[in-house]
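Work through the exercises below with the structure open beside you. Try each task before reading its solution.

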Amino acid sequence: SIEPDWWKSAVVYQIYPRSFADSNGDGVGDIPGILSRLDHVASLGVDVVWLSPVYRSPMDDNGYDISDYEDVDPLFGSLADLDALIAGLHERGIKLVMDLVVNHTSDEHAWFVESRSSRESPKRDWYWWRPAREGAVAGQPGAEPTNWASFFSGPAWHWDEATGEYYLHLFSRKQPDLNWENPEVRQAVYAMMRRWLDRGVDGFRMDVVNLLSKDVGADGSLRDGEALPGQALGDGTPFYMGGPRIHEFLHEMHMEVFAGRDGAFLTVGEMPGVTIEQARLFTDAERREVDMVFQFEHVDLDSGPAGKFDLAPMDLVELKTSLNRWQEGLADVGWNSLYWNNHDQPRAVSRFGDDSPQWRTLSAKALGTVLHLHRGTPYVYQGEEIGMANMPFTSDTELRDIESIRHLADVAARHEDTDAAWQGVLVKGRDNARTPMQWDASTNAGFTTGDPWLGVNPDHASVNVAAQQDDPDSVLAHYRRLVALRHDEPVVAHGDFTMLLPEHPRLYVFTRDHDGVELLVVANLCSEDTEIGIEGWDDAEVLLGTYQDPRGASGILRPWEATVLRR
Ligand code: ISL
């Protein structure tokens with residue numbers, strides 16, 4: 001029998017299929033490409049793969065706009081390819097978690113096409129249709145039913161001329177929001193999820209799942225949010241982030257889809273803006289909602305008041321304070337997920353480390369060490385295991401991400417500072433994480449024989465899997481050791497977490513404690529020597545370090561020196 005919380009000692013690897021490996025030379029990664037690289041994934045020792053969307057999609061948001069939940073987009077392959085992937089992973093003892101994007105569909109999904117066809121359509125109420133604001137000219141700015149801004153700039157409502165109403169889209173206008181108030185919508189989603197589990201899938205990463213419940217009045221009304229700085233639009237998040245029925249919906253989903261089913265599943269809810277208090281409820285096993293959530297607090301620390309592209313420094317003391325609060329908050333109930341980056345975030349080594357040639361390898365290893373030694377389930381994003389860095393884009397014509405492109409256009413239209421916006425995109429834009437996986441030093445990094453859909457980072461000449469494959473000092477070798485450590489040492493998965501030196505501006509230090517075994521993790525997260533003096537660990541065993549001759553816990557830690565000690 002399988003432990004109910006098997007995922008506590010698991011490590012998850014995220015594949016962004018578009019950018020992983022291209023088998024047919026069309027410049028876009030695909031499922032056969034993933035199959036050809038499964039040995040790399042297995043060599044990491046990971047337990048689970050989370051696959052970003054491969055469903056049918058017009059690709060307005062790279063597959064997060066789904067037009068058919070039950071089929072694979074021809075760009076990525078076929079259902080038979082997906083079956084082969086499930087089998088190939090299972091043969092290697094790896095589970096497959098699929099992306100579940102059900103806050104919204106594509107506007108080309110049959111449900112929306114039908115909903116849009118007339119006000120009398122039986123599926124009209126599957127989405128959020130509302131009349132223009134009273135007294136305003138329908139279709140003109142300001143006539144939207146509420147003042148909510150979309151996550152991708154501009155209003156969150158789109159005027160539909162044919163039926164004379166607006167529909168809600170929290171993301172792009174090609175991503176209309178499903179109406180979860182309607183029980184038919186919920187049952188259709190649960191049935192689809194059950195079919196994927198029947199097919200062999202082992203769980204779901206649930207896209208923006210804390211946005212499902214909108215705070216709607218008994219009369220169907222939605223309310224305006226507070227004005228956003230310098231914009232005519234308002235902040236709608238209080239009306240849909242962690243909305244009134246969200247716990248009810250997730251519990252219902254659990255009971256309808258997972259309860260009573262044989263197998264070991266993993267559910268992780270992506271939840272922008274989630275608080276610790278809410279996360280305790282979402283992940284309390286007794287409540288049967290989800291196993292863990294992706295929270296955003298630590299990746300919001302380097303943003304100013306105007307949002308993610310408003311750059312602010314990443315302060316180590318604040319970072320430690322934040323992550324420590326989550327460790328403490330979910331210590332007695334619930335569970336944390338741990339991540340530095342994913343397909344929406346800048347590269348970890350560029351953001352939290354030092355991606356200059358001198359410190360890149362060391363800082364990538366130090367960051368991995370710190371993250372993987374926390375209590376929670378670590379997620380490794382493709383390329384992180386070789387220390388891939390942000391892309392040195394030189395022109396906006398090189399960008400492909402709808403969020404960055406819309407943001408630059410929006411700033412220009414509002415006659416704001418376009419240089420600052422470009423800097424914001426360079427540092428924070430999602431395309432940084434989406435450049436092709438760097439397999440080798442050849443022209444397109446071994447990703448494709450064709451023209452890659454997004455530029456390959458020029459640093460692939462030195463930073464690639466082939467170069468690190470057999471090098472025991474590589475980032476790759478270090479990540480393999482980190483994954484193995486979680487499997488081999490119960491204290492890594494289950495130990496209590498205690499932060500030390502919380503106010504130190506350079507050192508990240510903590511202990512883990514379980515069944516009489518204690519670990520000390522010391523990390524110097526900067527590119528200079530730093531003095532440290534933690535008593536009592538001189539005779540401790542060194543489990544792992546970023547330098548070959550670790551110095552322990554007292555004396556001078558070299559730049560990006562991180563060591564794990566056991567006593
Ligand atoms: O990336 C972001 C930066 O502002 C977030 O707001 C992001 O849009 C949010 O984390 C939700 O992300 C998920 O849903 C989006 C999709 O574009 C992302 O790729 C996905 O991870 C809409 O489906």
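The exercises that follow use a predicted model.

**Exercise 1. Helix α6**

Task: Compare the reach of helix α6 with its expected span, then find which residues of α6 are buried and which are exposed.

Solution:
- Step 1. Helix α6 covers residues 246-258, which is 13 residues. From first C-alpha to last, α6 reaches 17 Å. The expected value, at 1.5 Å a residue, is 18 Å, and the reach is close to that.
- Step 2. Look for the buried residues of α6: I246, L250, M253, V257 and F258.
- Step 3. Look down the axis of α6. The buried residues fall within an arc of 75 degrees, so they line one face of the helix.
- Step 4. Turn to the other side of α6. E248 and M255 are exposed there.
- Step 5. Ask what covers the buried residues of α6. The cover includes α5 (183-199) and α7 (276-283).
- Step 6. Move just past the end of α6. G260 takes a positive phi of about 75 degrees.

**Exercise 2. H90 and K320**

Task: Decide for H90 and for K320: buried or exposed, or in between?

Solution:
- Step 1. Place H90 in helix α3, residues 79-91.
- Step 2. Count its neighbours. H90 has 13 other C-beta atoms within 10 Å. A residue is exposed at 12 or fewer and buried at 20 or more. Therefore H90 is partly exposed.
- Step 3. Place K320 in helix α8, residues 316-329.
- Step 4. Count again. K320 has 24 other C-beta atoms within 10 Å, so K320 is buried.
- Step 5. List contacts of K320 beyond four places in sequence: M499, P502 and Y508.

**Exercise 3. The nonpolar cores**

Task: Which residues touch the most other members of the largest nonpolar core?

Solution:
- Step 1. Start from the general pattern. In soluble globular proteins, nonpolar side chains tend to be buried together.
- Step 2. The largest core here has 140 residues. V49, V521 and V522 touch the most other members.
- Step 3. Follow V49. Leaving out residues up to four places away in sequence, V49 touches Y13, I15, V41, L89, I94, L96 and V97.
- Step 4. Find the second, separate core of five residues. Among its members are F309, V411, A421 and V425.

**Exercise 4. Around the ligand**

Task: Which residues come nearest to the ligand, and how does the shell divide by type?

Solution:
- Step 1. There are 13 residues around the ligand. D61, Y64, F171, K308 and D344 come nearest.
- Step 2. Sort the shell. Six residues are nonpolar, one is polar and six are charged.

Methods:
Residues are numbered from 1 along each chain as its sequence is written. This is a predicted model: local features need pLDDT of at least 70, side-chain atom pairs count only at pLDDT 80 or more; totals for chains, interfaces and linings use all residues. Helices (H or I, at least four residues) and strands (E, at least two) are DSSP runs, numbered from the N terminus. The expected span of a helix is 1.5 Å times one less than its number of residues. The arc is that of the directions from the helix axis to the C-beta atoms. Two residues are in contact if their C-beta atoms, placed from the backbone, lie within 7 Å. A residue is near a molecule or strand if its C-beta atom, placed from the backbone, lies within 6 Å of it. Ala, Val, Leu, Ile, Met, Phe, Trp, Tyr, Cys and Pro count as nonpolar, Asp, Glu, Lys and Arg as charged, and the others, Gly among them, as polar. A nonpolar core is a set of buried Ala, Val, Leu, Ile, Met, Phe, Trp, Tyr and Cys residues joined through C-beta atoms within 7 Å.
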